[in-house]
Every structure is written in C-alpha cells, then in structure tokens.
Amino acid sequence: RILFTIAGRVGAAVWGPLRCMEEVLDPTNSTDGVRRRRHSARLVESGSDGLDADDTAVASDTSPERSRQWGSSQDDACSPNSKSHEDPFNDEDAPGSEDDADERAALYTGRSGRIPKPSRKNFKNQTDTDNFKESGSDASAEEMQAGQGYYDSCSEHSDRTSTSRNVMPMLMRTRRTRRHLKERVDGLVQQLRLRREVFDRQQRNLANTVNQKAKTVNQKLRHQWMTQQERIVLRSKQMTTKLQSGKARAWRHKWFFAFSMMDLQLTTFWLGASPSTYHLYFTVQSLTVLSFKCFDYRMTANHYFLFDYCFYGNALILCWLWILPTNGWAYNAADGVVGTFFISVAAFRNSCVPHDMVRWSHAWLHIPPVMVMLCIGMAAEGDHLVGVHNGLAMPWYQRLAQAYAAYLMWAVIYAIIIFGFLRKRIRRKNRDTLYSYFAYGMKVRDKLPKSLQPYSKVVFMLGHQSLFLAGIWWIFLPQILRIAAVIVMWTIFFHNGGRFYVDHFWKSHERNTLLYVDAAYDAMQKESNDH
C-alpha cells in the first residue's frame with residue numbers, strides 16, 4: 001500500500017503540470033465571440049503573482065455579452081467547454097470539467113492530503129478581486145470571489161478555490177482504487193495459497209504412494225531373498241550330508257585312488273624318458289596341488305596353513321624355473337629348500353595312501369620339488385643350465401648365505417603375520433596354524449620345561465630353523481648322494497603308506513574277529529541254556 005501511494009504521488013508530481021493545460025473562453029473573438037487560449041495551471045507554491053495583459057483584459061470584461069456567451073458555451077454541444085465532447089472511452093478529462101478540477105486538486109494538494117494554507121500572496125489576489133469590483137460589475141466580482149465563475153488560468157485564487165472544493169472526491173476515488181487493488185491482490189494471494197496447498201497435497205500423496213510401493217517391493221525382494229537363502233542352505237546341508245555318507249566317501253576314494261596311481265605311473269615314466277623336461281610336468285602338478293590345498297583349507301577354515309614353509313618353497317622353485325632361470329642366487333635359494341622337504345617326509349610321516357586326498361596332497365608338496373631339482377642338476381638345458389653353472393660357480397659360504405637369506409625372509413614374514421597382525425583374530429576365531437598344531441596338537445609345549453613354556457613361540461621358530469639347518473647340507477651333496485637320498489625318501493614314503501594300510505586292515509580284522517567270536521559265544525550259551 002505504501003509503495004502504491006508513493007508511486008502515485010511521484011507520477012502526479014512529474015506529469016501533472018504537463019497535463020494541466022486549460023482551455024479558456026475569450027469573449028473578445030470577433031468571429032463567433034469565443035476564442036480559445038491555453039495556459040498552464042500555476043501551482044500555489046510557484047510564487048507567480050503577475051498577470052499578462054491579455055488575461056487582465058479578459059478577466060476585466062464583465063459585460064452581459066460575455067456572460068451570455070459563457071452560459072451558452074456550457075450548454076452548446078459544439079462548444080469546446082461542453083461535456084458532450086468528453087470521450088466516454090478516454091480517461092482524459094476535458095479542460096474545465098469537474099473531473100479535471102478533481103485531478104488538479106489532487107495534483108496541487110500537499111503530500112499530507114490537506115489544502116495548503118493561504119500565504120502572503122493571497123493578499124494580492126484579494127486586491128485583484130477588489131479591483132474587479134471597482135471596474136464595473138459587483139455581481140460578477142462576487143461570483144468570481146465565490147468561485148462560481150469561469151476558470152481563469154491567470155488567477156491563483158481560482159486554483160485554490162477549485163482545489164478546496166474537489167479534494168474530497170479525489171481522495172475518495174483514490175481510496176476506492178486502493179481498496180480495489182487490495183482486494184485483487186488479496187484474491188491473487190489467496191489463489192496462490194490454494195494452489196500451493198493443492199501442490200503440497202499432491203506431492204505428499206505422490207511421496208506416500210512411492211514409499212508404499214517401495215516398501216511393498218522391498219518386502220517382496222526380502223521375502224524372495226530369504227526364500228532363496230533358505231533353499232541354498234537346505235541344499236548345502238543335503239549335499240554335505242550326502243558327501244559325508246559312507247557311500248559317497250567310498251565312491252570318492254575309489255576315483256581318487258585311480259587318479260593317484262595314474263599320476264605316480266606318469267611321474268615315473270617322465271623321469272625315465274625325459275628328465276630335462278620334467279619341470280613342465282612338475283609345474284602342472286604343483287599348481288594343481290596348490291589350488292586344491294587352497295580350496296580345501298578355505299572350506300575347513302585352515303587357511304592359515306598356507307603361510308607354511310612348504311608352500312613358500314614350491315613358489316620359490318617355480319619362480320626360479322620360469323622368472324629367473326639364469327640367476328645363480330635364485331638357483332641357490334631354490335636348491336636350499338630341498339633338504340628341508342626331504343626331512344619333512346620322515347618328520348611329518350608323509351605316507352603313500354592313494355585313496356586319501358589330504359594325505360596324498362601333503363606328500364606331493366614335499367616329494368615332487370625334490371625330484372625336479374634332482375633332474376635339473378642331472379640334465380639341465382638352456383637357461384636352466386646357465387643358472388645352475390652360475391650358482392655352483394660361487395663360493396660355498398656365499399651359496400650358504402643366499403639359501404639362509406631366503407629362509408630368513410620367510411621366517412620374518414611368518415612371525416609378523418601369525419604372531420603379530422593376525423594374532424588376535426586367530427585367537428578369537430580359534431583357527432589352527434602350524435604353531436598350534438605342534439604346540440597343542442602334538443603337545444610339544446607341555447613337554448617343555450616350565451621356564452620355557454611362556455616362550456613357546458620363540459622355541460617353535462628356533463626349532464623350525466634347526467630343521468632347515470639340518471637339511472641345508474643338500475646343496476653341497478654330489479649327484480650320487482642326492483640319488484641315494486631320494487631312494488631313501490621314497491622308501492620312507494611307501495613304508496608309511498604300508499603301515500597305514502596294514503594297521504588299518506589289521507585293526508579292522510581284529511575288531512571283526514572279536515565281534516564274530518562274541519556272537520558265536522553268545523549263540524553257544526543260548527543253545528546250552530535251551531538244552
């Protein structure tokens with residue numbers, strides 16, 4: 001509302017004086033007794049007192065002829081002062097009309113809306129009125145003084161009188177306009193609020209619909225997922241039960257026994273036919289065994305056994321065979337693990353049990369690496385021959401230091417991971433490691449003196465190092481002694497297998513014999529009691 005008021009007043013102050021150009025009737029026109037003269041309306045505050053000569057003459061003419069012309073001009077349709085000339089579609093009021101006077105009154109009224117008070121200049125206007133009375137017609141002067149005569153643009157008194165008479169209608173019209181504008185703005189605001197409420201309601205309904213659909217979809221997906229998980233668990237249990245059954249185990253052992261025998265025969269044939277290319281078969285054999293052990297240990301939660309030295313030794317030999325075949329340092333490091341593998345066959349009782357995948361895979365982690373390094377030493381070719389010569393050309397102490405450095409690398413990594421980073425996790429999940437197998441499975445920790453039991457981990461690492469040092473002599477043996485050592489190793493392997501089968505069958509025979517004897521004795525007792 002304040003902004004509308006300020007804009008209206010500023011526009012009136014700027015454009016008002018330009019629009020207030022009045023047409024005044026002049027009875028001195030010789031043609032039809034009426035002459036138009038345009039004068040700009042003067043503001044009360046302008047301070048202009050003087051009158052032009054023509055305007056004074058017109059104002060002083062109070063003859064009856066002029067009065068008759070003025071009256072006829074008001075009623076004549078052809079007169080420019082007639083109201084019939086007003087355009088009903090034009091907001092612009094005719095000069096001298098009441099609406100025009102209202103506009104002038106609004107323009108010349110102060111900001112406060114009150115009529116300006118008379119100033120000293122009004123006394124001169126009063127003097128001019130007295131002069132009009134002396135010049136002739138008292139009635140005309142009184143009529144002009146009362147503001148009922150025609151409008152003269154040179155008279156400031158007429159501006160004040162017209163302003164004071166037409167202020168209230170203009171103010172009423174302005175108030176009506178403001179009221180209409182306010183009602184229109186309020187209506188628009190109300191419509192905007194209603195539309196906003198409708199939009200918010202639609203948005204909430206859409207959000208609720210989407211949430212309900214999402215909940216429904218999530219519930220369906222969750223139900224499907226749970227159903228699928230239950231089916232998988234049920235099938236897994238059924239498969240586990242089936243695999244653990246006696247019939248499935250017997251079927252699995254039969255087939256694995258057949259494949260083990262085929263592998264043993266193929267190894268023997270390849271060693272005799274082409275010892276220089278045996279490393280090709282060893283590579284396939286080693287990768288197969290390592291993959292199986294990874295799968296088996298992961299399924300049985302024994303995956304920390306993959307950090308053992310036997311897996312590290314196989315990886316070291318494969319690295320020399322395929323990545324660094326001409327490097328003498330790599331050959332000495334690979335040759336240094338063979339003695340430990342040879343001792344492990346006897347220490348861990350690797351046995352020839354072809355039907356048992358676990359026992360056979362344990363043995364195949366230790367025996368094939370010994371065989372491949374023996375074949376390389378006897379019939380090396382190409383890059384492997386260069387690597388063997390580079391390794392053997394070094395002094396004995398340098399070869400020993402290189403083999404021992406490779407072992408220390410594994411020992412440090414194993415101690416940091418098993419006894420450092422993963423110590424709490426292994427204890428929390430109760431996982432088995434090589435240390436726990438020796439310390440608690442074989443009860444070696446309980447056999448130690450009480451003063452050494454708190455340091456059982458150090459004793460374990462030193463014991464494993466002594467096992468390595470016991471087999472390090474392999475790198476200094478000639479080929480004939482290496483062949484003899486391999487024959488001893490195979491003998492121990494088959495002997496352990498034979499002991500397993502004989503002990504198993506003998507124990508089974510004794511158990512079955514006792515059952516048979518007990519059943520026969522019970523039958524004889526029953527017959528004697530009947531008789």
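The following legends describe an overview and several close-up views of a predicted model.

**Figure 1. Overview of the predicted protein chain.** The chain comprises 20 helices and two strands. Of its 531 residues, 33% count as buried. Among contacts with a separation of 6 or more, 70% join residues 24 or more positions apart. The exposed area of the chain is about 34,200 Å², and 61% of this area comes from carbon and sulfur atoms.

**Figure 2. Helix H17 and the helices against which its buried residues pack.** Helix H17 spans residues 434–441, and its buried residues are Leu434, Tyr435, Ser436 and Ala439. These buried residues pack against three helices: H15 (396–421), H18 (444–447) and H19 (456–471). An α-helix has 3.6 residues a turn, so positions three or four places apart point the same way.

**Figure 3. Surroundings of serine 436 in helix H17.** Serine 436 has a relative accessibility of 15%. This residue counts as buried because its value falls under the 20% cut-off. A polar atom of the serine 436 side chain lies 2.7 Å from the backbone nitrogen of threonine 433. When residues up to four places away in sequence are not counted, serine 436 touches Arg431 and Gly441.

**Figure 4. The backbone on either side of helix H17, at asparagine 430 and lysine 443.** Asparagine 430 belongs to the loop between helix H16 (423–429) and H17. Its phi is near 60 degrees, a positive value in a residue other than glycine. Asparagine 430 is exposed because its relative accessible area, 64%, is over 50%. Lysine 443, located just after H17, also has a positive phi, of about 55 degrees.

**Figure 5. The loop containing alanine 301.** This loop connects helix H9 (278–299) with helix H10 (309–322). Within the loop, alanine 301 adopts a phi near 60 degrees, which is positive although the residue is not glycine.

**Figure 6. A nonpolar surface patch that includes methionine 262.** The patch is formed by Trp251, Trp255, Phe259 and Met262. Together, these residues present about 540 Å² of accessible area. Methionine 262 is situated in helix H8, which covers residues 246–273. Methionine 262 is classed as exposed because its relative accessible area of 53% is over the 50% cut-off.

Note on methods. Residues are numbered from 1 along each chain as its sequence is written. This is a predicted model: local features need pLDDT of at least 70, side-chain atom pairs count only at pLDDT 80 or more; totals for chains, interfaces and linings use all residues. Side-chain values use heavy atoms; hydrogens and water are left out. Buried means under 20% relative accessible area, exposed over 50%, partly exposed in between (1.4 Å probe, protein chains only). Helices (H or I, at least four residues) and strands (E, at least two) are DSSP runs, numbered from the N terminus. Contact means heavy atoms within 4.5 Å. Accessible areas come from the Shrake-Rupley method with a 1.4 Å probe; for residues, only the protein chains shown count as cover. A polar contact is a pair of N or O atoms within 3.5 Å; within protein, one must be able to donate a hydrogen and the other to accept it, and residues adjacent in sequence count only if both atoms are side-chain atoms. Patches are made of residues with over 30% relative accessible area and no salt bridge: like charges are joined within 9 Å, nonpolar side chains (Val, Leu, Ile, Met, Phe, Trp, Tyr) within 5 Å. A salt bridge is a side-chain nitrogen of Lys or Arg within 4 Å of a carboxyl oxygen of Asp or Glu.
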